[in-house]
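Visitor: Please show me around this one, starting wherever you like to start.

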Amino acid sequence: MLLDQKTLDKLVSLRHELHRYPEISGEERETSDRIASFLEQYDPDKIIRNLGGYGLAAIYNGREAGPTVLIRCELDGLPITETGNLPYQSTHQGKGHLCGHDGHMTMIAGLATLLHRTRPVKGRVILLFQPAEETGAGAKAVINDPEFSRLTPDYSFSLHNLPGQALHKVGIKEGPFNCASQGLWITLEGKTSHASHPEDGISPATAMCDLITAFKELPNASEFADNFALVTIVHARLGEEAFGITPGFAKVMVTLRSQTDKVMSLLQEKSDALINDVAKKYRLKTTFGYEDIFAASVNAPEATELLETAFADENITRDEMPAPMRWSEDFGQFGKISNSAMFTMGSGLNQSQLHNPDFDFPDELIETGTKIFHRVIRNILGPRN
């Protein structure tokens, strides 16, 4: 047993406390304070606060020079009301840790208990608690923070729990691991008129329908024949709920998704052209923009191999994933500055899906996640035994 029962009990208590007080992206001040208070018990060589917002990094130095290994988790919860009757239920109305970030944080906090006991032989370890993953803004904000320029890692690792996969079983693949995605909003403005005289107005109704149809067909374009592309209509609104008005306004929102940043650029280019064509055809004023922008998360060969070695060393059952995860992760930003890789860990075959109001991270995964990351650190920085 890597973690003694007393330490494991403390970690479970920490997870339940984090679950009880979730904070959403950009608001994670108290969560960051709770993590800092826990870490201070285990004497990191340095704690850096307010990275890219409320981000937090704990640093453990080795005795000799060597590479820097970063292990990353996420601070934020979701703006979703939790259901159920857990004894540690969310006390913040409309907010919940329904993606498992409370569990991810606890695994990384578990590393602090082990690094306190045995420092690496060489190099240094950075335990990064990153803000605002759910909006795609946090990783970039951390990396662009001037304080982070002194921490630039050689290797970066992360995980995400995965419902529908057996408990403790891990999934990994080299190359694209999480899809790139962008949220696209479009407004169509014409001219409102009385419903009895629609000819006096300019209704965006037909344009909105054409736009929705065109977006649904966009992934079937020949340019995407050999590349995964997905467009999901997530919202559409036309005018007001009134029988006496010919509408003069419409809004459409879609999510663009692809396995690579290159294909995402093409999706964006074609979307822009599509919007402009519809606006011109129907004489509408159009505005549009992109939000929740996630780059593709790509597993580097060396970092992937290091994780696979750690799985084998710890006798962890693993799957070779046939395709990247469709959901997005801003961990891809760390792949632009370091040798990085991410993996999934099963949170149960009958577990509620991520972002569902009754999701709860399984406590039995805490030691498994801590064990894998600790093995990776030891294999790179020592001690090996």
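**Around the pocket**

Visitor: Which element supplies the largest share of the lining of the largest pocket, 5 residues?
Guide: First, this is a predicted model, where local features need pLDDT of at least 70 and side-chain atom pairs count only at pLDDT 80 or more, while totals for chains, interfaces and linings use all residues. Residues are numbered from 1 along each chain as its sequence is written, and side-chain values use heavy atoms, with hydrogens and water left out. Elements are DSSP runs numbered from the N terminus, helices being H or I with at least four residues and strands E with at least two. With 5 residues in the lining, the top contributor is β8.

Visitor: What is the volume of the largest pocket?
Guide: On a 1 Å grid over the protein atoms alone, a pocket is an open set of points where a 1.4 Å probe fits, with protein on both sides within 12 Å along at least five of seven lines. Points are joined across faces, edges and corners, and the volume is the space filled by probe spheres set on them. That comes to about 590 Å³.

Visitor: Which lining residues are closest to the centre of the largest pocket?
Guide: Lining residues have an atom within 4 Å of a grid point, and here there are 22 of them. The elements giving two or more are β8 (180-189), β12 (249-258) and β13 (285-294). Closest to the centre are Glu 134, Arg 257, Asp 292, Phe 294 and His 355.

**Charges, paired and unpaired**

Visitor: How far is Glu 28 from the nearest side chain of opposite charge?
Guide: Glu 28 sits in the loop between α1 (5-20) and α2 (29-40). Glu 28 is buried (under 20% relative accessible area; exposed is over 50%, partly exposed in between, with a 1.4 Å probe and protein chains only). Lys and Arg count as positive, Asp and Glu as negative, with His and the chain ends not counted. Glu 28 has no salt bridge, and the distance to the nearest opposite charge, Arg 29, is 9.8 Å.

Visitor: Which residue has its backbone nitrogen 3.1 Å from a polar atom of the Glu 28 side chain?
Guide: Contact here means heavy atoms within 4.5 Å. Beyond four places in sequence, Glu 28 touches Glu 23, Tyr 54, Leu 75, Asp 76, Pro 131 and Ala 132. The backbone nitrogen at 3.1 Å belongs to Gly 26.

Visitor: How many salt bridges does a search of the whole structure find?
Guide: A salt bridge puts a side-chain nitrogen of Lys or Arg within 4 Å of a carboxyl oxygen of Asp or Glu. A search of the whole structure gives 20.

Visitor: Which residue does Arg 34 pair with at 3.0 Å?
Guide: Arg 34 also bridges Glu 30, with the closest N and O atoms 3.8 Å apart; both lie in α2, 4 residues apart, about one turn of the helix. The 3.0 Å pair is with Glu 17. This pair links distant parts of the chain, 17 residues apart, with Arg 34 in α2 and its partner in α1. At 31% relative accessibility, the partly exposed partner is Glu 17.

Visitor: Which residues are linked in a network of salt bridges with Arg 34?
Guide: One pair to look at is Asp 33 with Arg 29, the closest N and O atoms being 3.9 Å apart. Arg 29 is partly exposed at 43%. Besides Arg 34, the network links Glu 17, Arg 29, Glu 30, Asp 33 and Arg 49.

**Elsewhere along the chain**

Visitor: Which side chain makes a polar contact with that of Glu 308?
Guide: Glu 308 lies in helix α7 (residues 301-313) and is partly exposed at 27%. Leaving aside neighbours within four places, Glu 308 is in contact with Ile 172, Arg 318 and Glu 320. A polar contact is a pair of N or O atoms within 3.5 Å; within protein, one must be able to donate a hydrogen and the other to accept it, and residues adjacent in sequence count only if both atoms are side-chain atoms. At 3.1 Å, the partner is Arg 318.

Visitor: What is the phi of Ala 132?
Guide: Most residues other than glycine have a negative phi, and most peptide bonds are trans. Ala 132 is in the loop between β4 (122-130) and α4 (138-144), buried at 10%. Its phi is positive, about 50°.

Visitor: Which residues does a cis peptide bond join?
Guide: Omega is about -5° at this bond. One partner, Pro 383, is in the segment after α8 (365-381). The joined residues are Gly 382 and Pro 383.
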